[in-house]
Amino acid sequence: MNKGIGIIVLTAFIMLAGCGADQNNADPDPLDPKNRNPEMKTDTNSPARDQLGFVRYTQDEFEQNNQTEPKAIHVDRNEMADMITRILLQNPDFKEVATLVTDEEALIAFEASDNISKQEAIENAEKTALSILPGFYTIHASDDKSLIQNIETLHYSVMEDDDLDIEPLVQTIVDSMKKDD
């Protein structure tokens, strides 16, 4: 009986030693901050790339990277306008939405169904834009269907003439939208 217990203890010891050896030869834990590899390149075509957005720098890395030419911080206005519009159209109470995003303002004109009150639709549009845009943006929304065309015309006017002063045109649309506030 002592031999049986001895064999069991010896077998258990060998198995534990083997597991420990596997642990030492295993790949490093990717979640361990000590294993950070800042030079690691990511595959930009990988489907996993769309699951998370992550950046980490030390102050030294940041300063070294910005010594040659500081990177401009910008907002992709077309992408923001597209996201706002698409999110609003997921709500069946919105039939048509036009969104224009400038440096400081977001203009949202829409046609809503009769199932939602004018004020509730405006509030939904403004809250949607607030959830996407940086906090310094001023957001204007209106259910005036004619403003959908005005926003579209403004967009195409800028596309045709880069030197066009859009401020007065944007202000005209904003003034029309403020009537709904």
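Student: Let's jump straight into the strands. Which residue of S3 stands opposite Ile108?

Tutor: Keep in mind that we're looking at a predicted model. S2 covers 105-112 and S3 covers 138-142, and the two strands pair in the parallel sense over 5 bridges. Along that pairing, Ala106 faces Ile139. For Ile108, the residue standing opposite in S3 is Ala141.

Student: And on the S1 side, what residue of S2 stands opposite Glu96?

Tutor: S1 and S2 run antiparallel, with 7 bridges joining them. The link between these two strands is a hairpin of 3 residues. Opposite Glu96 in S2 you'll find Glu111.

Student: So which strands are the edges of the sheet?

Tutor: The sheet is open, with 3 strands and mixed pairing, in the order S1-S2-S3. An edge strand here pairs on one side only. That makes the edge strands S1 and S3.

Student: By what angle are neighbouring strands turned against each other on average?

Tutor: The neighbours in question follow the order S1-S2-S3. Ignoring direction, the average turn between neighbouring strands of this sheet is 15°.

Student: How many of the residues of S1 are buried?

Tutor: S1 is an edge strand, pairing on one side only. Even so, S1 is largely enclosed by the rest of the structure. S3, the other edge, is also largely enclosed, since 4 of its 5 residues are buried. For S1, the buried count out of 8 residues is 6.

Student: Now the helices. Which strands does H3 touch when it packs on the sheet?

Tutor: The direction of H3 makes about 160° with that of S1. The buried residues of H3 also pack against helix H4, besides their strand partners. On the sheet, H3 touches S1 and S2.

Student: Why do the buried residues of H3 line one face, and what arc do they fall within?

Tutor: An α-helix has 3.6 residues a turn, so residues three or four places apart point the same way. The buried set in H3 is Met80, Ala81, Ile84, Thr85 and Leu88. Seen down the axis of H3, these residues line one face because they fall within an arc of 125°.

Student: Take Thr85, then. Which residues is Thr85 in contact with, leaving aside its neighbours within four places in sequence?

Tutor: Thr85 sits in helix H3. Its relative accessible area is 15%, so it counts as buried, the cut-off being under 20%. Beyond the sequence neighbours, the contacts of Thr85 are Val97 and Thr99.

Student: Is Asn78 buried or exposed?

Tutor: Asn78 is in helix H3 too, and together with Arg86 it lies on the other side of H3 from the buried residues. Its relative accessibility is 58%, while the exposed class starts over 50%. So Asn78 counts as exposed.

Student: How far apart in space are Asn78 and Thr102, C-alpha to C-alpha?

Tutor: In sequence, Asn78 and Thr102 are 24 residues apart. In space, their C-alpha atoms are separated by 9.4 Å.

Student: On to H4. What distance apart are its end C-alpha atoms?

Tutor: H4 has 15 residues, 118-132, so at 1.5 Å a residue the expected span is 21 Å. H3 gives a similar check, with 18 Å from first to last C-alpha, close to the 18 Å expected for its 13 residues. The end C-alpha atoms of H4 agree with their expected span, being apart by 22 Å.

Student: Which exposed residues sit on the face of H4 turned away from its buried side?

Tutor: The buried ones are Ala121, Ile122, Ala125, Thr128, Ala129 and Ile132. Seen down the axis of H4, they fall within an arc of 130°, so they line one face of the helix. That buried set packs against H3, S1, S2 and S3. The face turned away carries the exposed Lys127, Leu130 and Ser131.

Student: Last one, zooming out. What percentage of the residues of the chain count as buried?

Tutor: The chain has 6 helices and 3 strands, following the pattern α-α-α-β-β-α-β-α-α. It exposes about 14000 Å², with carbon and sulfur atoms supplying 52% of that area. Out of 181 residues, the share that counts as buried is 23%.

Definitions and conventions. Residues are numbered from 1 along each chain as its sequence is written. This is a predicted model: local features need pLDDT of at least 70, side-chain atom pairs count only at pLDDT 80 or more; totals for chains, interfaces and linings use all residues. Side-chain values use heavy atoms; hydrogens and water are left out. The expected span of a helix is 1.5 Å times one less than its number of residues. Buried means under 20% relative accessible area, exposed over 50%, partly exposed in between (1.4 Å probe, protein chains only). The arc is that of the directions from the helix axis to the C-beta atoms. Contact means heavy atoms within 4.5 Å. Accessible areas come from the Shrake-Rupley method with a 1.4 Å probe; for residues, only the protein chains shown count as cover. Two strands pair if DSSP finds at least two bridges between them. Axes are lines fitted to C-alpha atoms, for helices over the stretch in contact, and angles run from 0 to 180 degrees between N-to-C directions.
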